[in-house]
Amino acid sequence: MEIKLNIPDYLSLRQWKLFNSMEHLSPGDKMVKMISLLSDKTEDEVKTWTPASIQDAYGVILEALSDLNPAFFPVFELDNQLYGYSSMSKMTLGEYVDLERLAKNPTENLEEIMAILYRPITKHSFGGIKWAFKNTFKVKMGDAENLFKYYELEKYDSSQRAANADKLSVIPATMALGALSFFLVLASTSLLNSNLSSLPPKQQTEMMKKINTQMASMNIGDGCLQFITYLRHPSFQSQETEASLN
């Protein structure tokens, strides 16, 4: 029996979370759900295959989606909208407190964390930046710079966080994990250790000033401050890998 699978070329944040929720399943049930989720096959159809075919298909999917190395991109494009990473040195008290709470369970709350860390760019001055294409990414050329100063973001509104989180659930898991890692590395020396929400209002303000000063003076480094615009969207730009199993 020949089986054809259309496999997406990356694992989305939503799919990554679903995979993490399958740990309680038996190996067989996990393979069936994973194949169905990442192909055009229903679970009932997959269950009609032989065990050997299911194992082969599962292996093909794992191989196709094996690259899950976190990668941090300050700017990306989704549905023709530019999104920018929110610099911690400019965050409001509301952002700090919500991030502090959500970061206590980062895997479960990852979409909402992304909705705070990434928001639509309302104003930018990217005109003088040189660009080049590398694979499917649009990459800033030249020396590393602190790119946060080149754009302004939509103001944070906690009432819109859930809706924005749903939009961002389609970005590659590697991007979300990279942004989370970047945030946690910086926050480990300031935000999370300060337990900001437990302080009196006056001390919250003083701590915010201290954190802002610390964050503004940090040299983040070349690897984190590339300027990359993500050019693919799962609904109409994502390429699929076709695999045939005999």
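**Exercise 1. Decide whether L5 is buried or exposed, and place this residue in the model.**

Solution. Step 1: L5 has 0% relative accessibility, so it counts as buried; the cut-off for that word is under 20%. Keep in mind that you are working with a predicted model.
Step 2: Look for the element around it. L5 belongs to strand β1, which covers residues 3-8.
Step 3: Now compare sequence and space. Along the sequence, L5 and V60 are 55 residues apart, while their C-alpha atoms are 9.2 Å apart in space.

**Exercise 2. Work out which strands form the open sheet of 4 strands, and in what order.**

Solution. Step 1: The order is β2-β3-β4-β7, and the pairing is antiparallel.
Step 2: Find the edges. Strands β2 and β7 (151-153) are the edge strands, as each pairs on one side only.
Step 3: Check the twist. On average, neighbouring strands of this sheet are turned by 50 degrees against each other, with direction ignored.
A reminder that helps here: strands of a sheet pair through backbone hydrogen bonds, either parallel or antiparallel.

**Exercise 3. Follow two of the strand pairings, residue by residue.**

Solution. Step 1: Start with β2 (residues 75-78) and β3 (residues 81-85), which pair in the antiparallel sense over 4 bridges. Here L78 stands opposite Q81 in β3.
Step 2: Look at the turn. The hairpin of β2 and β3 has 2 residues between the strands, and D79 takes a positive phi near 55 degrees there.
Step 3: Go on to β4 (residues 118-124) and β7, an antiparallel pair with 3 bridges. In this pair, H124 stands opposite Y151 in β7.

**Exercise 4. Describe how helices α6 and α7 lie on the strands.**

Solution. Step 1: Helix α6 (residues 110-117) packs on the sheet and touches β3 and β4. The direction of α6 makes about 15 degrees with that of β4.
Step 2: Helix α7 lies across β2, β3 and β4, and runs at about 85 degrees to β2.

**Exercise 5. Which residues does R161 touch, leaving out those up to four places away in sequence?**

Solution. Step 1: Locate R161 in helix α7, residues 161-168.
Step 2: List the contacts: D98, R101, L102, E112, A115, I116 and Y156.
Step 3: Look at D98 again, since the side chains of R161 and D98 are joined by a polar contact of 3.2 Å.
Step 4: Judge the exposure. R161 has a relative accessible area of 10%, so this residue is buried.

**Exercise 6. How many aromatic pairs does the structure hold? Sort two of them by geometry.**

Solution. Step 1: There are 3 aromatic pairs. To sort such pairs, use the distance of the centres and the angle of the planes.
Step 2: The rings of F76 and Y83 are 5.4 Å apart, centre to centre, with 10 degrees between the planes. Planes under 30 degrees apart count as stacked, and the pair of F76 and Y83 is stacked. Both F76 and Y83 are buried.
Step 3: For Y85 and Y118 the centres are 5.5 Å apart and the planes make 80 degrees, an edge-to-face pair. Because Y85 lies in strand β3 and Y118 in strand β4, this pair ties together parts that are 33 residues apart in sequence. Y85 and Y118 are buried as well.
Step 4: Put the rings together. Ring pairs link F76, Y83, Y85 and Y118 into a cluster.

Technical notes: Residues numbered from 1 in each chain as written. Predicted model: local features only at pLDDT ≥ 70, side-chain atom pairs only at ≥ 80, totals over all residues. Heavy atoms only, no water. Pairing = 2+ DSSP bridges. Buried < 20%, exposed > 50% of the residue type's maximum accessible area, 1.4 Å probe, protein only. Polar contact = N/O pair within 3.5 Å; in protein donor to acceptor, adjacent residues only side chain to side chain. Contact = heavy atoms within 4.5 Å. Axes fitted to C-alpha atoms, helices over the stretch in contact; angles between N-to-C directions. Phe/Tyr/Trp six-rings, centres within 6.5 Å; stacked < 30°, edge-to-face > 60°.
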